[in-house]
Amino acid sequence: MRVVGNSPFDRFEIIVLGGGPAGSAAARLLAMWGHDVAVLPGAGAHRKNLAESLPPSCRKPLNVLGLNTAVESAGFLQTHGNSAAWAGGALVSSPFTSGTGFQVQRSRFDALMMRSAAAAGASVHEDAVADSVTRVADGGFEVRWHGRGRARTSRANMVLDCTGRAGILARKYRCPANGPSTLAVVAAWRMTDHRPLEDPTHTLVESYAAGWAWSVPVDSRTRHVAVMIDPAVTPMRRRSLLATYLAEIARTRFTASLLDGARRLGRPYGCAATPYESSAYGGDGFLLVGDAASFIDPLSSFGVKKSLASGWLAAVVAHTTLDDPTMAGPALDLFEERERLAYESYTARSSDFHGQAARHHDTAFWQRRASASRGSDAPLVPAGENANEGLDYGVSWPAGDPRLASAFEFIRQAPQLRLRLGPAVERVKKPTVAGRRVVFEEHLTSRAAPGAVRYLGAIELPRLLELAPRYSQIPELYEAYSRGSSPAPLPDFLRALSALLAFGMLEPSAST
């Protein structure tokens with residue numbers, strides 16, 4: 001705890017509110033980068049009994065945090081894929097193609113994350129609950145909080161709201177999704193068998209007439225099973241939560257089969273699972289991070305990954321703002337853009353599945369969700385994770401654009417590829433992430449492109465744009481691009497080259 005002079009206040013550079021993955025990730029990085037950070041985790045932090053699935057792509061943010069080894073060593077069940085029965089289809093097993101993921105119990109995972117923040121130097125106040133956050137005359141914030149029988153006041157230059165659905169700052173900016181409510185009803189089960197699953201480590205997802213079921217194993221014998229229902233469609237006024245839960249399980253096919261002979265461990269509990277976003281994701285001296293900023297449909301299975309990425313980006317933005325106040329505005333703009341794009345991208349993925357289920361089940365639950373999804377913009381393409389920016393997800397080119405397919409076909413068939421710069425290509429300076437800082441770097445755009453971008457997947461577009469006119473053969477261009485940097489994934493390379501052609505940044509010369 002840091003006290004300045006005779007001040008009655010504990011004074012920190014940054015106070016992180018909330019003890020979930022987003023808050024722990026941000027606090028750990030900021031402490032590692034030399035900042036004075038306090039964490040107020042909230043009452044009962046790390047006590048969530050919920051299980052969650054971390055896909056293999058979570059290893060990238062964990063690596064940035066320096067926690068891959070710690071998570072590997074923690075004994076979490078490693079999973080090899082997912083199994084799904086959707087829209088009346090057969091049960092399909094989908095093994096991961098890029099390594100293994102983790103099936104974690106949030107209480108254990110969150111505790112590991114918080115310990116890692118404390119080990120990095122963050123001042124963690126166990127069971128501390130923030131009561132209010134107000135701006136003070138010096139431009140910082142005063143946080144009143146209580147914990148373990150005493151009330152305290154702390155001040156900070158910046159506040160990161162990582163308090164999830166509670167959203168002590170975020171609730172002022174909360175925008176509920178344009179659609180029906182979702183309630184998750186969850187219980188743990190002791191398994192006797194894992195049929196009909198081919199692999200007992202898999203997550204199982206299944207749609208049925210009035211909702212969908214989801215289950216995650218946390219060890220060889222224990223599985224957490226949830227049903228996602230709409231309270232407006234499945235009323236519970238005259239029935240107990242347990243009766244409702246068991247009745248919904250009985251309406252499933254594969255989930256009910258999986259639980260045949262299993263023993264329920266305790267009574268089920270309910271938790272809100274309705275998506276939401278924010279009208280703003282931060283302001284002068286504060287950021288809304290992780291689930292405080294937005295909550296995506298649990299159907300995506302990327303909730304923890306989104307929170308880790310949000311915590312990383314919040315740390316970069318906070319570090320930049322404190323280190324160079326002239327970059328505060330551009331850093332906040334970047335945070336807003338990336339957080340909004342992440343929510344829209346994950347929501348677009350879920351919308352596709354809503355439509356499929358509605359076409360098969362044709363019930364109020366699914367029709368309400370499909371109707372809420374109609375009229376939305378085309379699905380977005382996240383930028384992926386490029387080599388230079390760690391966890392960037394900033395590209396917003398529409399998926400399935402026919403111009404991309406046409407450009408790829410042109411590349412594939414051309415005996416020689418003679419290209420020149422397109423007349424409409426523009427280079428613009430935009431904020432982006434470089435290491436632990438937000439900086440201005442060159443992005444590309446054109447009249448045909450839906451946005452200005454620097455990376456597509458792992459490919460740096462300005463560099464590819466400069467090299468492409470110098471080579472007439474794809475292997476030579478690919479080799480030239482890969483020299484002096486990490487080997488570029490060939491699919492990313494071909495996709496990026498196709499995009500430059502599709503959006504008029506490159507064009508064939510007359511001799512091609």
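Buried residues are those under 20% relative accessible area, while residues over 50% are exposed and those in between are partly exposed. The close-ups below come from a predicted model.

**View 1. A salt bridge joins helix α4 to strand β3.** At 7% relative accessibility, Arg106 falls under the 20% limit and therefore counts as buried. Its partner Glu52 is likewise buried, with a relative accessible area of 17%, and the side chains of the two residues meet in a salt bridge at 2.6 Å, N to O. Arg106 belongs to helix α4 (residues 106–119) and Glu52 to strand β3 (residues 51–54), so this pair ties together parts that are 54 residues apart in sequence.

**View 2. Arg437 and Asp323 form a salt bridge between strand β25 and helix α7.** The side chains of Arg437 and Asp323 meet at 3.1 Å, N to O, and they link distant parts of the chain, with Arg437 in strand β25 (residues 437–445) and Asp323 in helix α7 (residues 303–323), 114 residues apart. Both ends of this pair count as partly exposed, Arg437 at 25% relative accessibility and Asp323 at 47%. Elsewhere, salt bridges that share partners join Glu52, Arg106 and Asp110 into one network.

**View 3. Arg152 of strand β11 forms a salt bridge with Asp10 of strand β1.** In this pair, one of 24 salt bridges in the structure, the closest N and O atoms of Arg152 and Asp10 are 3.0 Å apart. Arg152 lies in strand β11 (residues 150–161) and Asp10 in strand β1 (residues 10–17), 142 residues apart. Arg152 is partly exposed, with a relative accessible area of 22%, whereas Asp10, at 3% relative accessibility, counts as buried.

**View 4. Seven strands form an open sheet with mixed pairing.** The strands follow the order β6-β5-β14-β15-β16-β13-β17. Strands β6 (92–95) and β17 (263–272) stand at the edges and have a single partner strand each, so one side of each is left without a neighbour in the sheet. On average, and with direction ignored, neighbouring strands of this sheet are turned by 15° against each other.

**View 5. Strands β15 and β16 run antiparallel, and helix α5 lies across part of the sheet.** Six bridges join strand β15 (residues 211–217) to strand β16 (residues 222–229), and the bridge partner of Val216 in β16 is His224. Helix α5 (residues 241–250) lies across β13 (183–190), β14 (203–208), β16 and β17, and the helix runs at about 100° to β17.

Conventions
Residues are numbered from 1 along each chain as its sequence is written. This is a predicted model: local features need pLDDT of at least 70, side-chain atom pairs count only at pLDDT 80 or more; totals for chains, interfaces and linings use all residues. Side-chain values use heavy atoms; hydrogens and water are left out. Two strands pair if DSSP finds at least two bridges between them. Helices (H or I, at least four residues) and strands (E, at least two) are DSSP runs, numbered from the N terminus. Axes are lines fitted to C-alpha atoms, for helices over the stretch in contact, and angles run from 0 to 180 degrees between N-to-C directions. Contact means heavy atoms within 4.5 Å. A salt bridge is a side-chain nitrogen of Lys or Arg within 4 Å of a carboxyl oxygen of Asp or Glu. Buried means under 20% relative accessible area, exposed over 50%, partly exposed in between (1.4 Å probe, protein chains only).
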